[in-house]
Amino acid sequence: MPRVLVVEDDPQLVRALRINLQARRFEVEEAPDGGTALRLAAARTPDVVLLDLGLPDIDGIDVLKEIRGGNRMPILVLSARHTSEEKVRALDAGADDYVTKPFSMDELLARLRAAVRRQEAPAQGTVPATVRTADFTIDLTARKVARAGRPVRLTPTEWHLLEILVTHPGHLVSQRKLLLEVWGPAYRNNANYLRVYMAQLRRKLESDPSHPRYLITAPGMGYRFEP
């Protein structure tokens, strides 16, 4: 039974989360503030964390950074902070997903289940040397891509961008992280670079680039590879 640590100071929301999570066979622990969350996370490492950013004692971003530390468990942020800057800040601090309030309980539970599945998969090994989809194959060791059995030519920049995304399958990678890793600090605010290169990758890999199946955009936040 996966154990969820719910870090939230709204009693009504905590009650709704507890009822819905327990009905779906999750074990629930509750923390009404950041201090309690840090103690519980250290004492009994949860399988997944639902974290509100607006906590009464410690800023949620600081709690996120502290829990993340060397831990790999998924952390889903629940927050009324809607700006792109706040979302990017949370993702850069180590969040795996960001859900804005108010939210659909069904959507939250679906994201939670997906996060748990992604966490369980790496336990059996790291990202495989070859990533296969129904439309293309990526050989991470040989640094080659094939589509329908034919080689796909990628520029070094396109490859670097694709490599980061496919080695974090299902995880949202922030725009800032991609810009820093691919282009460097001088380009960390040049989101147009990402749009151009993601469009090029989709043209080369997606069956329908205008409706991508694998290279997904989270508007204002970043990109995700869905295998």
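**A first look: a four-stranded sheet, its helices and Asp 52**

Helix α6, made of residues 156-166, lies across strands β7 (136-139) and β8, and runs at about 95° to β7. Welcome to this predicted model. Two places are worth a visit: the sheet that helix α6 lies across, and the surroundings of Asp 52, a residue that carries a UniProt annotation.

**The sheet and its helices**

- Helix α8 (residues 191-205) also packs on the sheet, where it touches β7, β8 and β9.
- The direction of helix α8 makes about 50° with that of β8.
- The sheet itself is open and has 4 strands in the order β6-β7-β8-β9, paired in antiparallel fashion.
- At its edges are β6 (130-132) and β9 (150-152), each of which pairs on one side only.
- On average, neighbouring strands here are turned by 25° against each other, with direction ignored.
- Strand β8 (residues 144-147) is joined to β9 by 3 bridges, and the two run antiparallel.
- Along this pair, Val 145 stands opposite Val 152 in β9.

**Around Asp 52**

- You will find Asp 52 in strand β3, which covers residues 48-52.
- An unreviewed UniProt entry places the feature "modified residue: 4-aspartylphosphate" at Asp 52.
- Asp 52 has a relative accessible area of 4%, so it counts as buried, the cut-off being under 20%.
- Apart from neighbours within four places in sequence, Asp 52 is in contact with Val 7, Glu 8, Asp 9, Gly 60, Leu 78, Ser 79 and Lys 101.
- A polar atom of the Asp 52 side chain lies 3.3 Å from the backbone nitrogen of Gly 54.

Methods
Residues numbered from 1 in each chain as written. Predicted model: local features only at pLDDT ≥ 70, side-chain atom pairs only at ≥ 80, totals over all residues. Heavy atoms only, no water. Pairing = 2+ DSSP bridges. Axes fitted to C-alpha atoms, helices over the stretch in contact; angles between N-to-C directions. Contact = heavy atoms within 4.5 Å. UniProt positions renumbered as here; feature names shortened; annotations may be inferred. Buried < 20%, exposed > 50% of the residue type's maximum accessible area, 1.4 Å probe, protein only. Polar contact = N/O pair within 3.5 Å; in protein donor to acceptor, adjacent residues only side chain to side chain.
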